[in-house]
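Reader: I have a model open and want to learn how to read it. Where do we start?

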Amino acid sequence: VLVEHGVEGVKPREDMFEVIRELDRRGIINAIASKNHFELAEEALRKFGMWEYFCFPQISWGPKSEAVRAIKTSMNVGINTFLFVDDQPFERAEVETVHPEVEVLTDADGALLLAHPRCDVVVTDESRKRRSFYQQQMLREQAAPDTAEDYGSFLRSCEIVLEVEPLVEDLLDRAHELVQRTNQMNFSGQRYSRAQLATLAEDPDKECWVMRCTDRFGDYGIIGFGIVDRPSWCLEDLMFSCRIQSKQIEHHFIAHLAEKARADGAAVLAARYRKTRKNSPSGRVFDDLGFAAKGRIEDVRQLELDLAAFSFPEKLVEIREHGATGDEA
């Protein structure tokens, strides 16, 4: 329609616009896989006030399956989390053939997405900001260097700050949302209920840490959760939003724990890790930091870091730890 009739020839689908706006409010990300001229599609969406609602737009004349793959790579999430809506049978069949894990819907079904079980999600203050987090990620990608040699300097220039605070009542909903969503950077695969998290937060032997992150591009929001058994200095669980992958956030947090454990007189920092296909790339952090395997209990690997021999290279992330009262520790 755009190519043949131009922007003036487009008749907006107000029902779909309302679906997109409500999905956005729920923290469900909207992206574009379109066969069009990029500038023309952007002009049309800006005219109708909808351009701002989309992340990682893939607008070209290539197959839509390639556009879906590019969006998946940029978002760094599992492709099985995608819903693909299209009004053309050919396009639906092409995406379904290449990406059988993607749920494919007609535009008529797309107009009913708000009632779809996968779109029935808890809405938090954090989820309402999710689009802005990904739009900031787009800016980071544009600024990132092309070579690995420059990547450390780039991270340093990003002025990344990781704020770590105990899990308290006000953070339970967001922590629960994070542990339910996280797959690729979930080091145990564990899914905690809200009640379980509340119990852990009250356990005097457990330190439950919630992590927020910012850099010069903006705010990532709450991106991490960890559980430490304090008497044994064992990292029992750790998970992060995929938004911070490849930024060495996990390296710096574990190194921070190692320094705390050493200051407390511990000889080792222990960790538990259940390796899965999805989390194995992230799990390399334990090898990077020098953890050694000490056996396994069922499918959970028992790891230890010798604190006497541990050293950490130049820090690229500033860590600020806060107490339960909000005072910096």
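Author: With one residue. This is a predicted model. Find Val77, in the loop between α4 (64-75) and β3 (83-86).

Reader: Is Val77 buried or exposed?

Author: Use the cut-off: buried means under 20% relative accessible area. Val77 has 14%, so it is buried.

Reader: How far apart are Val77 and Arg272 in sequence and in space?

Author: They are 195 residues apart in sequence. C-alpha to C-alpha, the distance in space is 24 Å.

Reader: Now a helix residue. Where does Asp24 lie?

Author: Asp24 belongs to helix α2, residues 14-25. Its relative accessibility is 9%, so Asp24 counts as buried too.

Reader: Which residues is Asp24 in contact with?

Author: Set aside the neighbours within four places in sequence. Asp24 then touches Asn30, Tyr53, Ser127 and Arg131.

Reader: How do I read the buried face of a helix?

Author: Start with the general idea. An α-helix has 3.6 residues a turn, so residues three or four places apart point the same way. Now take α10, residues 172-181. Its buried residues are Leu172, Arg174, Ala175, Glu177, Leu178 and Val179. Note that the list includes Arg174 and Glu177.

Reader: What do the buried residues of α10 pack against?

Author: Three helices are α7 (125-128), α8 (130-143) and α11 (194-202). Strands β7 and β8 are partners as well.

Reader: Let's follow β8. How many of its residues are buried?

Author: Strand β8 covers residues 234-240, and seven of its seven residues are buried.

Reader: How do I read its pairing?

Author: Ask two things of each partner: how many bridges, and which direction. Strand β7 (residues 218-229) runs antiparallel to β8, joined by six bridges. One pair to find is Ile227 with its bridge partner Asp237 in β8. Strand β9 (residues 268-273) runs parallel to β8, joined by two bridges. There, Cys234 has Ala270 in β9 as its bridge partner.

Reader: What should I look for in the hairpin of β7 and β8?

Author: Look at the backbone angles. Four residues sit between the strands, and Trp233 takes a positive phi near 45°.

Reader: Where does the pairing go from β9?

Author: To β11, residues 300-306. The two strands pair in the antiparallel sense over six bridges. Leu269 stands opposite Leu305 in β11.

Reader: Which other strand pairs with β11, and in which sense?

Author: Strand β10, residues 292-297, pairs with β11 over four bridges, in the antiparallel sense. Ala293 has Leu303 in β11 as its bridge partner. The hairpin of β10 and β11 has two residues between the strands. In that hairpin, Glu298 takes a positive phi near 55°.

Reader: Zoom out. How many helices and strands are there?

Author: The protein chain has 13 helices and 12 strands. Its radius of gyration is 22 Å, and the globule rule gives 20 Å for 329 residues. The two are close, so the chain is as compact as a globular protein of that length. The C-alpha trace spans about 75 × 45 × 40 Å along its principal axes.

Reader: What share of the chain is buried?

Author: Buried residues make up 47% of the 329. The accessible surface is about 16500 Å², with 49% of it belonging to carbon and sulfur atoms.

Reader: And what do the contacts say about sequence distance?

Author: Take contacts with a separation of 6 or more. Of these, 66% link residues 24 or more positions apart.

Reader: Last point: charge. How do I read its spread?

Author: Compare mean positions. The chain has 42 positive and 58 negative charges, and their mean positions are 2 Å apart.

Terms used: Residues are numbered from 1 along each chain as its sequence is written. This is a predicted model: local features need pLDDT of at least 70, side-chain atom pairs count only at pLDDT 80 or more; totals for chains, interfaces and linings use all residues. Side-chain values use heavy atoms; hydrogens and water are left out. The radius of gyration is taken over C-alpha atoms; the globule rule is 2.2 Å times the number of residues to the power 0.38. Buried means under 20% relative accessible area, exposed over 50%, partly exposed in between (1.4 Å probe, protein chains only). Contact means heavy atoms within 4.5 Å. Accessible areas come from the Shrake-Rupley method with a 1.4 Å probe; for residues, only the protein chains shown count as cover. Lys and Arg count as positive and Asp and Glu as negative; His and the chain ends are not counted. The place of a charge is taken as NZ of Lys, CZ of Arg, CG of Asp or CD of Glu. Two strands pair if DSSP finds at least two bridges between them.
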